[in-house]
Structure formats: structure tokens, C-alpha cells
Amino acid sequence: MSKFVGSIDQGTTSSRFIVFDRKGDIIAVDQMEHRQILPRPGWVEHDASEIWANTQKVISGALRKKGLEATDLAAVGVTNQRETTVIWDRRTGKPLHNALVWMDTRTDALVARYETDGGKDKLRAKTGLPLATYFSGLKLRWLLDAVPGAQEAARRGDILFGNIDTWLAWNLTGAVDGGLHVTDVTNASRTQLMNLETLEWDADILALFDIPRACLPQIRSSSEVFGVCGGQLDGVPFAGILGDQQAALFGQACLSPGQAKNTYGTGCFMLMNTGQKPFHSTSGLLTTLGYKLGDAPAVYALEGSIAIAGALVQWLRDNLGLASSASEIEALARTVEDNGDVYFVPAFSGLYAPHWKESARGVIAGLTRFANKGHIARAAIEATAYQTREVLDAMVKDSGVAVKELRVDGGMVVNELLMQFQADILNAPVVRPKTIETTALGAAYAAGLAVGYWASTSDIADNWGVDRRWTPAMDAARRDSLFRSWSKALARALDWADPPS
């Protein structure tokens with residue numbers, strides 16, 4: 001019997017292949033970054049061919065490090081940056097345009113056009129989502145307009161569309177030689193084209209956006225044997241797909257309604273399991289699919305999405321040169337006792353939950369001659385915690401459930417200054433699991449369950465364990481004062497950009 005399960009974790013800044021054992025421990029990993037293509041302010045692109053080439057390299061690299069063969073893997077799963085949109089030629093396998101990344105704002109004029117009749121929430125009842133630049137349906141509409149001949153080719157089925165999961169699935173399973181054109185319910189729920197109740201593409205929304213059905217992938221569950229891989233993974237069952245944040249929810253063993261996790265990556269994403277019925281938000285959150293295991297009923301989630309979290313630390317490093325590595329930003333922040341009354345609102349791509357303001361832009365507020373680079377660094381770290389507090393407040397308001405603890409994962413959870421401040425500003429415990437690579441682990445669990453490597457979700461719950469717990473240590477008056485000042489800074493960021501023409 002095969003010993004391990006493999007997981008392709010294709011994120012906003014890098015691609016990784018991680019091999020897990022039955023306990024959920026990491027056996028091997030390899031990683032490669034890809035280029036961030038920024039043609040103009042607000043536009044963010046990736047080269048999908050580069051992502052696929054890097055994916056192949058990290059698969060080989062991880063296997064080689066531990067002397068593993070494809071036969072050592074019981075299954076492989078994929079987790080991916082959601083909403084990042086690719087179109088490609090079915091016959092050549094070549095992308096027809098750079099992928100439009102989830103944080104790209106070029107569809108702001110389309111959002112403005114479609115919300116004139118019915119408002120921003122006109123599709124929320126069906127999709128759980130407001131009209132926003134975030135989701136991939138309008139990104140697809142933009143690509144079909146921008147690429148000559150694309151609309152008609154899409155009607156013929158000669159052009160294929162997908163989020164990154166679909167692009168990888170097609171290439172993993174044969175590409176032009178019979179590659180599978182599939183997605184799972186979690187990724188489909190991020191297109192704003194799928195009906196949350198039926199889990200099918202919605203004919204009325206396709207007609208509204210003029211999206212040809214022939215270019216869309218088949219919607220499947222998150223955990224089933226879709227097909228068999230080729231290449232370096234020749235013969236390995238391809239058996240799991242989860243959007244990255246849903247994968248983290250699953251990997252964190254948030255398997256019961258009311259359990260919540262927060263992933264601190266390029267952006268920041270909090271999800272709460274709400275059970276087998278979609279729970280519609282009145283507080284600016286998204287209703288989304290949590291996961292669907294084979295023929296079992298789908299599990300839904302409430303989500304609060306924050307566009308800029310770790311990306312702000314990268315911006316301080318790369319654009320301002322405040323440090324040569326992300327870890328140095330924490331050290332710089334520790335050179336000061338507090339934020340010096342400086343607040344950073346990183347609305348580089350507008351604001352997502354709970355505000356949904358494409359016109360917001362980043363601001364640094366509260367500057368005096370006393371402020372130094374340490375205060376800027378500390379304000380940047382604290383910005384993620386304030387934004388998380390806003391989302392958690394909205395989640396509690398919507399659900400009526402007080403979050404007893406927040407399970408956390410992602411690259412920023414090694415920042416202990418952030419984790420303690422997060423517990424302080426939430427007034428709730430923050431818990432880091434023993435395996436922080438929960439996104440990749442969630443996809444591995446989905447794939448492994450489909451082939452019987454793990455017998456049930458009880459195995460997932462049994463594998464989860466605590467590495468570190470932070471408890472609140474800030475008095476209420478200080479907490480309230482800080483959050484009140486953050487809210488004042490936030491107000492300055494709103495509606496900075498003029499409406500799109």
C-alpha cells in the first residue's frame with residue numbers, strides 16, 4: 001500500500017508540493033516563487049504557463065529530496081489561489097492572456113455597470129457574493145472582451161476557462177491529450193456564476209454576464225477520484241480539489257458548525273463552518289462552500305476576506321526597503337514599545353469584507369515627527385489584526401455565535417508579535433496548530449479520504465493538535481482606544497479613488 005499523500009499548493013506568490021504521512025506530518029516539500037506582473041496600478045497578473053512549469057519542478061523536487069517515487073503516493077490533491085482567472089486554447093494548451101489575479105481591480109467598470117440595476121447585492125441571494133472585482137466571473141467577462149475572437153471561440157468550446165485549480169487539473173491529467181476540465185464546488189462558488197442551492201452554473205447569471213456555458217468546467221465534489229495523473233505523478237489518482245481557504249478550514253479540522261479559522265497569507269481569510277445550509281450575511285461577509293466530500297451533503301461557510309495582509313510586509317520590504325526579509329519587519333517593530341499612534345490601512349486593492357469598497361486606497365495616519373520606521377513596521381503588523389477584528393465582529397453578528405478560540409495558520413503565524421496582538425485586540429485566544437501548512441494538508445485530506453487512505457473525518461480531527469496558544473493580556477480600555485483610532489484611520493481610506501468611468 002502507498003505510504004503517503006501528495007498536495008499541490010498553488011498560492012499567490014509561489015507553488016509548493018508537500019508530501020504528508022497518515023498523521024498529517026510533512027515528509028517532503030519543495031517550493032518555487034513565480035513573477036508578480038503589474039502592468040498598471042490595480043492590475044495584477046500571473047503567467048499561467050510559468051505556474052504550471054513551476055508546479056512540475058516542485059513535484060520533482062519534493063520527491064527527489066526523500067527518494068520517493070510516484071508509487072509511494074496513494075493520491076494527490078490540489079489547493080489553489082481562488083478567483084485567479086485563466087483562459088486557454090483547448091487545442092494548443094496555451095493561455096490566451098496572463099491570468100488575472102484575485103486582487104486585480106480592472107473589472108471595476110464592469111462592477112459599476114452591473115450594479116446600476118439592482119445594486120451591489122443583486123446576485124447575493126443566489127451566489128452569496130456581492131458584485132465586486134474580486135470574483136472570477138467578471139474577470140472572465142473582461143478576458144472574453146479583451147482577447148480578439150475569444151467570445152466566439154468560447155461559444156464553440158475551443159477556449160476553456162478555470163480558476164487555477166482547473167488549469168492544474170487539466171494539465172495534470174493529460175492537457176491536450178484528454179485532460180479533465182473540472183473544478184470543485186468551493187472554487188465554483190468563487191466565480192459568482194454558481195447557484196449555492198443547486199451547485200450548478202446558473203443560467204440566468206450566465207445570460208446576464210454573457211458567459212458561454214461551453215467554456216466552463218464541470219462542477220464536482222471536493223473529494224472524489226477525478227482521474228489519473230500523468231508525468232512525474234504517472235498513475236497516481238487525482239482525488240482532491242479545494243480552494244485554498246476552504247482547504248485550510250478542512251485542514252484545521254473545523255468540521256462542526258461554529259468552528260472558525262483564519263489564514264494569514266498574502267491576504268487574510270477567516271472562515272466559519274455553518275453546516276449544511278447556506279447562511280446569508282447581513283454584515284458584509286461572503287456565503288461560500290466549505291467543502292463537499294463525495295456524495296455527502298455540501299458544507300457551507302461564512303467568509304471574511306481581507307485583500308492585503310502578508311503582502312503589506314512584502315511591500316515594506318520590496319517597495320520601501322525597510323528590511324531585506326519579512327522576518328526583519330517583526331524585529332524592526334519590536335524596537336518600539338507601541339505603534340506611536342500610527343495606523344496603516346493597506347487598501348491597495350480597495351477594501352474587501354466587511355466594507356466592499358473598491359474606491360478605498362491605502363493610508364498611513366497619525367504621523368508626527370516622533371514616528372520612525374519601527375512605528376511604521378509595527379503599524380503594518382497591527383493592520384492585519386485590526387482587519388481580522390472587523391471580520392470577526394461581523395461573523396459573530398451574523399451567526400450569533402461567540403468564537404471561543406480562533407485557529408490560525410499561514411505564513412504570518414510565525415510572527416509572535418502579531419499573534420499576541422491578535423489575541424489582545426480580539427479578546428479571545430489564538431491557537432496555532434502543530435502543522436501550520438493546513439492549506440496543503442486540507443487538500444491532502446480531501447484526496448486521501450477519496451481513496452481510503454484516511455478512513456473518515458474522525459482521523460482528521462484526531463490529527464489536529466496545538467502547537468502554541470496566545471491568550472489576551474490587554475486591558476479593555478487600551479483595546480477600545482486602539483480600535484477606535486484604527487476606525488478613524490479607516491474612515492480616511494474610504495472613497496479615495498474616483499468612481500470608474
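Among contacts in the protein chain between residues at least 6 apart in sequence, what percentage join residues at least 24 apart? In this predicted model, the share is 72%. It is a helpful figure to keep in mind while looking over the fold as a whole.

The protein chain is built with 16 helices and 21 strands. Its radius of gyration is 22 Å, close to the 23 Å that the globule rule gives for 501 residues, so the chain is as compact as a globular protein of that length. The C-alpha trace spans about 65 × 55 × 45 Å along its principal axes. Of the 501 residues, 62% count as buried. The accessible surface of the chain amounts to about 18,200 Å², and carbon and sulfur atoms contribute 49% of that area.

A good place to begin a closer look is an open sheet of 6 strands, arranged in the order β3-β2-β1-β5-β12-β11 with mixed pairing. Its edges are formed by β3 (26–33) and β11 (223–228), each of which pairs on one side only. Direction ignored, neighbouring strands in this sheet are turned by 25° against each other on average. At the β3 edge, strand β2 (residues 14–20) runs antiparallel to β3, and 7 bridges join the two. One bridge partnership across this pair is that of Arg-16 with Gln-31 in β3.

Two helices can be placed against these strands. Helix α9 (residues 244–251) packs on the sheet and touches β5 and β12 (237–243), its direction making about 100° with that of β12. Helix α1 (residues 48–65), in turn, lies across β1 (4–10), β2, β3 and β5 (73–80), and runs at about 150° to β3.

Further along the chain, strand β19 (residues 406–409) offers another view of strand pairing. Leu-406 and Val-408 point one way from β19, while Arg-407 and Asp-409 point the other way; all of these residues are buried. On one pairing, β19 runs parallel to strand β13 (residues 260–264), with 3 bridges joining them, and Thr-263 stands opposite Asp-409. Strand β19 is also parallel to strand β20 (residues 430–433), to which 2 bridges join it. Here Leu-406 has Val-430 of β20 as its bridge partner. Between β19 and β20 the chain crosses through helix α13 (residues 416–426), giving a β-α-β crossover that is right-handed.

Notes: Residues are numbered from 1 along each chain as its sequence is written. This is a predicted model: local features need pLDDT of at least 70, side-chain atom pairs count only at pLDDT 80 or more; totals for chains, interfaces and linings use all residues. Side-chain values use heavy atoms; hydrogens and water are left out. Buried means under 20% relative accessible area, exposed over 50%, partly exposed in between (1.4 Å probe, protein chains only). Helices (H or I, at least four residues) and strands (E, at least two) are DSSP runs, numbered from the N terminus. Two strands pair if DSSP finds at least two bridges between them. A crossover is right-handed if, with the strands pointing away from the viewer, the path from the first strand over the helix to the second runs clockwise. Axes are lines fitted to C-alpha atoms, for helices over the stretch in contact, and angles run from 0 to 180 degrees between N-to-C directions. Contact means heavy atoms within 4.5 Å. The radius of gyration is taken over C-alpha atoms; the globule rule is 2.2 Å times the number of residues to the power 0.38. Accessible areas come from the Shrake-Rupley method with a 1.4 Å probe; for residues, only the protein chains shown count as cover.
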